[in-house]
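Visitor: Please bring up the model. I want to ask how each label is earned.

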Amino acid sequence: MEERTVTVASRTGDGSCNVKATVPAIEIYSIDEDEKLTPSLEIILPRDLADGFVNNKRESYRFKFQRIFDQDAKQETIFENIAKPVAESVLAGYNGTIFAYGQTGSGKTFTITGGAERYSDRGIIPRTLSYIFEQLQKDSSKMYTTHISYLEIYNECGYDLLDPRHEASSLEDLPKVTVLEDPDQNIHLKNLSLHQATTEEEALNLLFLGDTNRMIAETPMNQASTRSHCIFTIHLSSKEPGSATVRHAKLHLVDLAGSERVAKTGVGGQLLTEAKYINLSLHYLEQVIIALSEKHRAHVPYRNSMMTSVLRDSLGGNCMTTMVATLSLEKRNIDMPWRLHQDVSLDVSLSPAPGRLESISTCRFAQRVALIKNEAVLNEEIDPKLMIIRLQKEIQELKDELAIVTGEQRTEALTEAELLQ
């Protein structure tokens, strides 16, 4: 067993999907390069003289992360530092999770999935698939099996993005993915299909199919805003030839929908309903993070939402987890501290009040996530099919030895009296 805290990294940008920006004339953030071991991000809020001469507003917020990536960071750099270590752990037999968290339009989908314009804009998922299949081809000492699943959580209902009926049916007609829990508290997802992928091309085709079926809409904050949480999972099994031991590992690559300030975006109708469910599910995620970060907390409310139920292992369980906090460092997103991260008992407002902070609140959330300790174990088990073959072979050998001693060849099973002798 390996006990590790959740790795937390920060990626800054201007809020556009490609995370590129020109820093405004007024400096609103800085990265401390001197702190090599624990880089820190400082968000600077110049005081507004219009508020009066007596102004005691806080001007500086400093947060520490394992890694900080500026707006000029390349996708390849993100993969090498964030995703590659987790992928290597999965190949070794450990569970892994990478999830991006941040406000809408801050670059989460670009980080996880990537952009469609240039090949160099590929995100964590396609690069991870490429890396895993490259390693599988190099390793001839084991037999590998890879399966893919793609889950969408839209308005707190689960849907299989790889269901072939997606194109011909409306969302209401599709079977919903349901969460089942066994006596050992292991989570099983009913109606979520597993698709075998033998090559990188097959895996990428499944990714593209799922992305085509995702719920996307235009909002005032983002021209292509994802309206659901999506979990792309790579299931990997490995076994050495002739060995009865099988290693199972899974890698969750999670693109969370962004939190929205409805008073700021002014959305209505279906977009407002979606925003309510998104904000509520992120609030439940916040509750789980708070419970896990507090010592001697007996109950963790995983069952409050589907997302926290599915990610139960990733949050405080058998998994190596990395979080990427995406920040949109525009001055409009940095105004007042968001009380939700200071006052746990705060009632959740589905139409948040003006002045709620997005960027600083994301950093505070990341600091809580960094306190979580996961206990990752090597997922090994005995292959039941091979064990049956071995036992049958052993039984036959014992029968042959018995025939030599007694001079009779037995074909029937032992009687109960013989078993008791």
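Visitor: Why is Glu380 called partly exposed?

Guide: Glu380 has a relative accessibility of 42%. Buried means under 20% relative accessible area, exposed means over 50%, and partly exposed lies in between (1.4 Å probe, protein chains only). So 42% puts Glu380 in the partly exposed class.

Visitor: What should I know about the model itself?

Guide: This is a predicted model, where local features need pLDDT of at least 70, side-chain atom pairs count only at pLDDT 80 or more, and totals for chains, interfaces and linings use all residues. Residues are numbered from 1 along each chain as its sequence is written, and side-chain values use heavy atoms, with hydrogens and water left out.

Visitor: What makes Arg247 and Glu380 a salt bridge?

Guide: Their side chains meet at 2.8 Å, N to O. A salt bridge needs a side-chain nitrogen of Lys or Arg within 4 Å of a carboxyl oxygen of Asp or Glu. The pair therefore passes. It links distant parts of the chain: Arg247 is in strand β16 and Glu380 in strand β19 (residues 380–382), 133 residues apart. Salt bridges that share partners also join Glu181, Arg303 and Arg312 into one network.

Visitor: How do you know that β16 is a strand, and what would count as a helix?

Guide: Both come from DSSP runs, numbered from the N terminus: helices are H or I with at least four residues, strands are E with at least two.

Visitor: What makes Glu181 and Arg312 a salt bridge?

Guide: The side chains are 3.4 Å apart, N to O. Glu181 is in strand β10 (residues 178–181), while Arg312 is in the loop between α7 (306–310) and β17 (320–328). That puts the partners 131 residues apart. Their exposure classes follow from their values: Glu181 has 32% and is partly exposed, whereas Arg312 has 16% and is buried.

Visitor: How many salt bridges does the whole structure have?

Guide: The search finds 8. One of them joins Arg62 and Glu42, at 3.1 Å, N to O. Arg62 lies in strand β5 (residues 60–64) and Glu42 in strand β4 (residues 40–44), so the pair ties together parts that are 20 residues apart in sequence.

Visitor: Are Arg62 and Glu42 buried or partly exposed?

Guide: Arg62 has a relative accessible area of 41%, so it is partly exposed. Glu42 has 17%, so it is buried.

Visitor: Why is helix α8 called largely enclosed?

Guide: 10 of the 11 residues of α8 (residues 359–369) are buried, so the rest of the structure largely encloses this helix. Among the buried ones are Ile360, Cys363, Arg364 and Phe365.

Visitor: What makes Glu394, Glu397, Asp400 and Glu401 a negative patch?

Guide: Asp and Glu count as negative, Lys and Arg as positive; His and the chain ends are not counted. Patch residues must have over 30% relative accessible area and no salt bridge, and like charges are joined within 9 Å. The place of a charge is CG of Asp or CD of Glu. Glu397 shows the area rule at work: its value is 43%, so it clears the limit. Glu397 is found in helix α9 (residues 384–406). Lys399 is also in α9, and at 26% it counts as partly exposed.

Visitor: How do you know how many disulfides there are?

Guide: A disulfide is a pair of cysteine sulfur atoms within 2.5 Å. By this rule the count is 0. Two cysteines show how exposure can vary: Cys157 has 24% and is partly exposed, while Cys230 has 1% and is buried.

Visitor: What makes the phi of Asn155 worth pointing out?

Guide: Most residues other than glycine have a negative phi. Asn155 is not a glycine, yet its phi is near 50 degrees, a positive value. It sits in the loop between β8 (143–154) and β9 (157–160). At 17%, Asn155 is buried.

Visitor: What about Asn191, and is it buried or partly exposed?

Guide: Asn191 also has a positive phi, about 75 degrees, although it is not a glycine. Its place is the loop between β11 (187–190) and β12 (195–196). At 38%, Asn191 counts as partly exposed.
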